[in-house]
Amino acid sequence: MANENTLQAIIAHAKEYGFVFPSSEIYDGMGAVYDYGQWGVELKRNVREYWWKWMTQMNEQNIVGIDAAIFMHPTVWKASGHVDNFSDPMIDNKDSKKRYRVDHLIEGYAETLSKEDGEALIAAMEKHIAADDFVGLKTLIETNKIACPISKTVNWTDVRQFNLMFSTEVGSVADEASKIYLRPETAQGIFVNFLNVQKTGRMKIPFGIAQVGKAFRNEIVARGFIFRMREFEQMEMQFFVRPGSQKEWYEYWKTERMKWHSTLGIDPAKYRFHDHIKLAHYADAACDIEYEYPMGFKELEGIHSRTDFDLKNHQELSKKKLQYFDADIDPETGKAYGNYIPYVVETSIGLDRTVLMLMSEAYTEEDLSTEEKQDSRVVLKFIPKLAPVKLAILPLMKKDGLPEVAKALLDECRPHFKCFYEEKDAIGKRYRRMDAIGTPFCVTIDHQTKEDQTVTIRYRDTMVQERIHISAVKDLVLKSL
Ligand code: GAP
């Protein structure tokens, strides 16, 4: 169920505990731009590495990675269709001078209606969008009296398309020839390197190329915290296949990506597929994997059958052959498949949206009150392999040789996983701070440790404590990862 309060609580918690800060906060921040703090960066890195390993190491398909530059030749974006097609229908309110994405404006209004009326409105909107019917969209806004949230008036301009790419100039002369774009998707870096990788890696179709990196979009409406950002990170994989086999591979990747999601410990009921009615300019089939965020079901990942659209256009504009010679025998003709431009099935997931999903799942407020006293805690229940810190090592006191024993354990564990060492404050306070950043295990070293080499291990989710031998700590944590 949509719950804006939970989102607000997550945003506040993320800031208070060093996960996500508004960018340039001392200058009052920047819309839809965020910085990751000390724990956010660890969480994000864990997700990135987990995705990378799953794709390029654990996958039964042949997938390799690259890291292409953010700046690309400007013709790339002409060939990809982004210069001409990467735009959203927008509308301006004449009184407030505020600009809105039409779909956001209508969706926002639909949320205020009954379920049935809201769904009918969204369906009508999707029909107009699919038909590029801008007059129909404006009429829909006017007949429903959808007002500007700022001016509260229905005094709208016509609906127009606005390109979402950021541009800048290279070199010292600012003219059209030096205009370049900040990439709006990482995928094009993969397409233009397709032959480089195929030839140098002697890759046989089907094979994939994966990449993780920043992408930039001039999102008009800053909404949903790190859900919709102007600078964000994508984890993308282009899978090159024989023409004609793309539908099969599209289904394969839908299943395969859901398998990855099922390893994150999230209730499957919080995911759903959403098939695209209006296909992007490059696709012959496309769907989103949606997750139920605190603000409702929203797109987390896209799976797109991109045909040969990108490679064909790059071949045409660059005048360089981007073809593959397939020596395998086609059973129908008895001859080699020969030269062709491969088709592509893409999986594309937002790293920041994945982080927001994990934070939404993990964020738990618990009432621990007893008859004697009121008590509560906020705990982030990350699965251990993604938690920013795996183990906190806490000497009960700052004396009697306890820090020395604790530091020896720290030295043993930190080459293997991220640890946190702290001597200050009462042990209860230290536990709560570790709960708040989602550390699954805390170990306390006390005077008994010096006598029998046992420590108290405390489990974050159950808060159960038990004594184990200090030599068993490292393996216990490693086992959970
Ligand atoms: N290469 C295909 C592509 O870029 P997309 O559906 O536009 O497709 C893929 O984007 C994913 O990137 C989305 O599913 C989402 O997770 C993420 N994404 C897109 N725009 C975003 C934004 N403004 N902020 C954060 N993540 C975004």
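Lys 145 is located in the loop that runs between helix H7 (134-143) and strand E6 (160-163). The structure is a predicted model, and this briefing covers its backbone geometry and its ligand site. In that site, 21 residues surround the ligand, and the protein buries 93% of the 550 Å² that the ligand exposes when taken alone.

**Backbone geometry in loops**

- Most residues other than glycine have a negative phi, and most peptide bonds are trans.
- Lys 145 has a positive phi, near 55°, and is not a glycine.
- Lys 145 counts as exposed because its relative accessibility is 63%, and the cut-off for that class is over 50%.
- Gln 453, likewise a residue other than glycine, has a positive phi of about 60°.
- The loop that holds Gln 453 lies between helix H15 (447-452) and strand E22 (454-459).
- With a relative accessible area of 37%, Gln 453 is partly exposed.
- Ile 205 and Pro 206 are joined by a cis peptide bond, with omega about 5°.
- Pro 206 belongs to the loop between helix H9 (194-200) and strand E9 (207-216).

**Polar contacts to the ligand**

- In the side chain of Glu 185, an N or O atom is 2.6 Å from a nitrogen atom of the ligand.
- Glu 219 places a polar side-chain atom 2.9 Å from a nitrogen atom of the ligand.
- For Arg 217, the partner is an oxygen atom of the ligand, which is 2.8 Å from an N or O atom of the side chain.
- Taken alone, the ligand exposes 550 Å², of which 93% is buried by the protein.

**Composition of the ligand shell**

- Three elements each give two or more residues to the shell: strand E10 (231-241), strand E13 (296-307) and strand E16 (343-350).
- Strand E13 gives the most, with six residues.
- The residues that come nearest to the ligand are Glu 185, Met 229, Glu 236, Glu 299 and Leu 300.
- Grouped by class, the shell holds ten charged, six nonpolar and five polar residues.

**Points to locate in the structure**

- Which residues come nearest to the ligand? They are Glu 185, Met 229, Glu 236, Glu 299 and Leu 300, out of the 21 around the ligand.
- Which strand gives the most residues to the shell around the ligand? It is E13, with six residues.
- Where does Pro 206 lie? It is found in the loop between helix H9 and strand E9, and its cis peptide bond is with Ile 205.

Conventions. Residues numbered from 1 in each chain as written. Predicted model: local features only at pLDDT ≥ 70, side-chain atom pairs only at ≥ 80, totals over all residues. Heavy atoms only, no water. Near = heavy atom within 4 Å. Polar contact = N/O pair within 3.5 Å; in protein donor to acceptor, adjacent residues only side chain to side chain. Areas by Shrake-Rupley, 256 points an atom, 1.4 Å probe, with all protein chains shown as cover. Helix = DSSP H or I, 4+ residues; strand = E, 2+ residues; numbered from the N terminus. Nonpolar A, V, L, I, M, F, W, Y, C, P; charged D, E, K, R; others polar. Buried < 20%, exposed > 50% of the residue type's maximum accessible area, 1.4 Å probe, protein only.
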